[in-house]
Number of protein chains: 2
Amino acid sequence: MQKVVLNITMSLDGFIAGPGISKEHPMGKDGPILHDWIFDGKTEIDSSLLKEVVESSGAVIVGSRTYVTAIEDAWGGNSPFEVPAFVICHHLPEVIAPGFTFITNGIGAALDQAREIAGDKNIWVMGGADIIQQFLNAKLVDSLDLHIAPVLLTNGTRLFDHIKPDKIGLEKISVIDTPAATHIRYDIIR
Amino acid sequence: MQKVVLNITMSLDGFIAGPGISKEHPMGKDGPILHDWIFDGKTEIDSSLLKEVVESSGAVIVGSRTYVTAIEDAWGGNSPFEVPAFVICHHLPEVIAPGFTFITNGIGAALDQAREIAGDKNIWVMGGADIIQQFLNAKLVDSLDLHIAPVLLTNGTRLFDHIKPDKIGLEKISVIDTPAATHIRYDIIR
């Protein structure tokens, strides 16, 4: 069954990037440590979890700030995704890379197109935080795949911020612990 | 070896209480759900973890707001702790309950007294958030025992807020998952 999944790494104190994000430092100061489970600190379990994320996704949704920050340097001008990716933006960015579709009329429109192209597979809402918050506030999210890195960043971009003040119940589906992350999957209770 | 331990439950989005804390509602709106692992949702594993916290602690430190909010109603006028507890306050509260020592000259003075009385056992820094943040900022914490409840509270009192903007490295010691909480223990890397 197709699901809308937030899949993202955060520090124990809830940051998904450090301060000072730029094209040269897309994760901000100290931010790259969050992705230790994907790179230097990865185990076979981490790699298989990442593979599962990729293989289960039929479309990706990202925000324009994430796209603009990453496309030239971090992503080298090409989509890092194996499936179609949708960029939610107010107007077209300067760099138009293949593999991306640019949506200027909101998250609902992006999700409609992503759902169609994803077929039975999931929609991976990658971020940044602003897009994730929009999806949570619109109650469009089915599952959270969180990777909690063992660090307190103490500042940067908070994942769970500006959410409508109304408790969101979660059902914990699985917890898999590796040295560089605690991987927890939740379904949102409706 | 004696350790200074933060031992507290937070929602996945980092809140240790909901909004609207009062003597009648010391955990704020929706806050009691955080402690489901201690009460309605507890398993034998949760209970043994709680027992271990209590048995390993030789002294408890709490903030004055926590004390004033809880002492009459939630705690029924008596200390809920089996060991001496130190209340960090600016001036003596109206209700002086047995089992508590009131410290008006800061966290360092409280910790000195707690260390002496705790012997080989740990100092449990219980909270609230303000006291925990003071201890983290003063680099006086050895370990974090966090219980992550499967809920997004979306507002309330954040645990990791107002921390000096300087990454704090953590070494993950153990992860124990139960239905109502994911219990993670970290040591702070110095």
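1. Let me start with the make-up of one copy. Chain A contains four helices and 11 strands. Its radius of gyration is 16 Å, close to the 16 Å that the globule rule gives for 190 residues, so chain A is as compact as a globular protein of that length. Along the principal axes, the C-alpha trace of chain A spans about 40 × 40 × 35 Å.

2. A word on confidence before you look closer. This is a predicted model, and for chain A the mean pLDDT is 97, with 100% of the residues at 70 or more. For the complex, the predictor gives an ipTM of 0.96 and a pTM of 0.97.

3. Next, how the two copies are arranged. A turn of 180° with a shift of 0.0 Å along the axis lays chain B on chain A, and the RMSD is 0.0 Å. The two copies are thus related as by a two-fold rotation axis. If you want to find that axis on screen, go to B:Gly14: in chain B its C-alpha is the nearest to the axis, at 3.4 Å.

4. Which parts of chain B touch chain A? In total, 26 residues of chain B are in contact with 26 residues of chain A. On the chain B side, the elements that give two or more residues are β8 (151-152), β10 (168-178) and β11 (181-188). β10(B) provides the largest share, seven residues. By residue type, this side of chain B divides into 13 nonpolar, five polar and eight charged residues. As for the matching side, 100% of the interface residues of chain B are also interface residues in chain A, so the copies meet through the same surface.

5. The strands at the interface deserve a look of their own. β8(A) pairs with β10(B) in the antiparallel sense, over two bridges, and within β10(B) the bridge partner of A:Leu152 is B:Ile168. The reciprocal pairing is there too: strand β10 (residues 168-178) of chain A and β8(B) are antiparallel and share two bridges. In that pair, A:Gly169 has B:Val151 of β8(B) as its bridge partner.

6. Now follow the sheet across the chains. Nine strands form an open sheet with mixed pairing, in the order β8(A)-β10(B)-β11(B)-β7(B)-β1(B)-β6(B)-β3(B)-β4(B)-β5(B). At the edges stand β8 (151-152) of chain A and β5 (100-103) of chain B, each with a single partner strand, so one side of each is left without a neighbour in the sheet.

7. Some pairings inside this sheet are worth tracing residue by residue. β10(B) and β11(B) form a hairpin with two residues between them; the two strands run antiparallel and are joined by eight bridges. In this hairpin, B:Lys172 has B:Tyr186 of β11(B) as its bridge partner, while B:Val175 stands opposite B:Ile184 of β11(B). On to β7(B): six bridges join β7(B) to β11(B), again antiparallel, and B:His147 is partnered by B:His183 in β11(B).

8. Further along, the sense changes to parallel. Strand β1 (residues 4-11) of chain B pairs with strand β6 (residues 122-127) of chain B in the parallel sense over three bridges. Here the bridge partner of B:Leu6 in β6(B) is B:Val125.

9. Two helices of chain B can be placed against these strands. Helix α3 (residues 107-118) of chain B packs on the sheet and touches β3, β4 (85-88), β5 and β6 of chain B, with its direction at about 160° to that of β3(B). Helix α1 (residues 44-56) of chain B lies across β1, β3 (57-63), β6, β7 (143-149), β10 and β11 of chain B, and runs at about 135° to β10(B).

10. Finally, a few backbone details to check by eye. In chain A, a cis peptide bond joins A:Gly127 and A:Gly128, with omega about 5°; A:Gly128 sits in the loop between β6 (122-127) and α4 (129-137) of chain A. Chain B has a cis peptide bond between B:Gly127 and B:Gly128, with omega about 0°, and B:Gly128 lies in the loop between β6 and α4 (129-137) of chain B. Where is A:His162 found? A:His162 is in the loop between β9 (157-158) and β10 of chain A, and it has a positive phi of about 55° although it is not a glycine.

Note on methods: Residues are numbered from 1 along each chain as its sequence is written. Chains are lettered from A and ligands numbered from 1 in the order in which they are written. This is a predicted model: local features need pLDDT of at least 70, side-chain atom pairs count only at pLDDT 80 or more; totals for chains, interfaces and linings use all residues. Two residues are in contact if their C-beta atoms, placed from the backbone, lie within 7 Å. Ala, Val, Leu, Ile, Met, Phe, Trp, Tyr, Cys and Pro count as nonpolar, Asp, Glu, Lys and Arg as charged, and the others, Gly among them, as polar. Two strands pair if DSSP finds at least two bridges between them. Copies are superposed by least squares on the C-alpha atoms of residues with pLDDT of at least 70 in both. Axes are lines fitted to C-alpha atoms, for helices over the stretch in contact, and angles run from 0 to 180 degrees between N-to-C directions. pLDDT is the predictor's confidence in each residue, from 0 to 100. The radius of gyration is taken over C-alpha atoms; the globule rule is 2.2 Å times the number of residues to the power 0.38.
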